[in-house]
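Please look over the sequence and the structure shown here, and then read the briefing that follows, which is grouped by topic.

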Amino acid sequence: REILIRPRIGGYVELSNLHDGASVSEGDTLLAFEDQEWQYRLEQARNEFESARIEYEIERRQRAGNGEAAEGSDRMLRITTGLAEAELALERARLDLSYAAITAPFGGELSVPGRIVEGAYLSAGTELGRLIDDSVVYVRFDVLEAELNRLQQGMSAELITPSGVEKEGVIRALSPVVDSESKTGEVVVEVQNP
């Protein structure tokens with residue numbers, strides 16, 4: 001498994017654990033931005049939501065008192081009072097705040113070409129490095145067409161590297177397409193790589 005590490009938001013780095021070759025576990029914080037600006041935006045969105053909710057409640061009670069309660073009108077009321085938009089803005093602010101920290105989705109090793117220090121400004125989408133988990137490897141190779149019908153998913157397979165190292169794995173996929181020139185089909189074997 002391999003992923004690119006890219007922040008979804010921009011900001012000033014508060015914490016950086018991005019070091020080339022470092023081992024990380026799932027859930028470890030790789031990078032954290034100063035989140036004060038995102039906290040303010042969340043608080044502003046909460047205030048706007050509460051204001052819109054109060055306006056919605058007042059309008060709803062007023063309409064109910066006049067006997068205007070009709071099916072489907074609640075949705076329109078939420079839109080016209082700004083409650084629907086305020087709800088979306090609040091969810092967006094929560095989401096943006098969650099992007100202020102980047103955590104490892106799985107354990108592995110970091111490949112980081114440059115050094116990222118606290119206090120540096122990073123733009124959204126900047127490629128910071130890669131997280132690589134090579135504990136399981138998928139080996140793809142070609143098998144002669146005549147031998148393909150003897151193989152099936154789930155079978156164990158023994159692989160020998162050019163240097164003579166033997167590994168055992170499990171067939172995970174067999175390509176349904178056979179190359180007409182080489183008369184071979186592709187096989188994918190999953191191999192544990194301690």
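**Overall form**

In this predicted model, the protein chain has a radius of gyration of 27 Å, whereas a compact globule of 194 residues would have one near 16 Å (taken over C-alpha atoms, with the globule rule being 2.2 Å times the number of residues to the power 0.38). Along its principal axes, the C-alpha trace of the protein chain spans about 80 × 50 × 30 Å.

Local features need pLDDT of at least 70 and side-chain atom pairs count only at pLDDT 80 or more, while totals for chains, interfaces and linings use all residues. Residues are numbered from 1 along each chain as its sequence is written, and side-chain values use heavy atoms, with hydrogens and water left out.

**Nonpolar cores**

- The largest nonpolar core (buried Ala, Val, Leu, Ile, Met, Phe, Trp, Tyr and Cys residues joined through side-chain atoms within 4.5 Å) has 31 residues, of which I5, L18, L30, L31, L110 and I116 touch the most other members.
- Strand 4 (29-33), helix 1 (36-65) and helix 3 (83-98) each supply at least two residues of this core (helices are DSSP runs of H or I with at least four residues, strands runs of E with at least two, numbered from the N terminus).
- Helix 1 gives the most to this core, with 6 residues.

**Around T184**

- T184 lies in strand 12 (residues 184-192) and is buried, with a relative accessible area of 12% (buried means under 20%, exposed over 50%, partly exposed in between, with a 1.4 Å probe and protein chains only).
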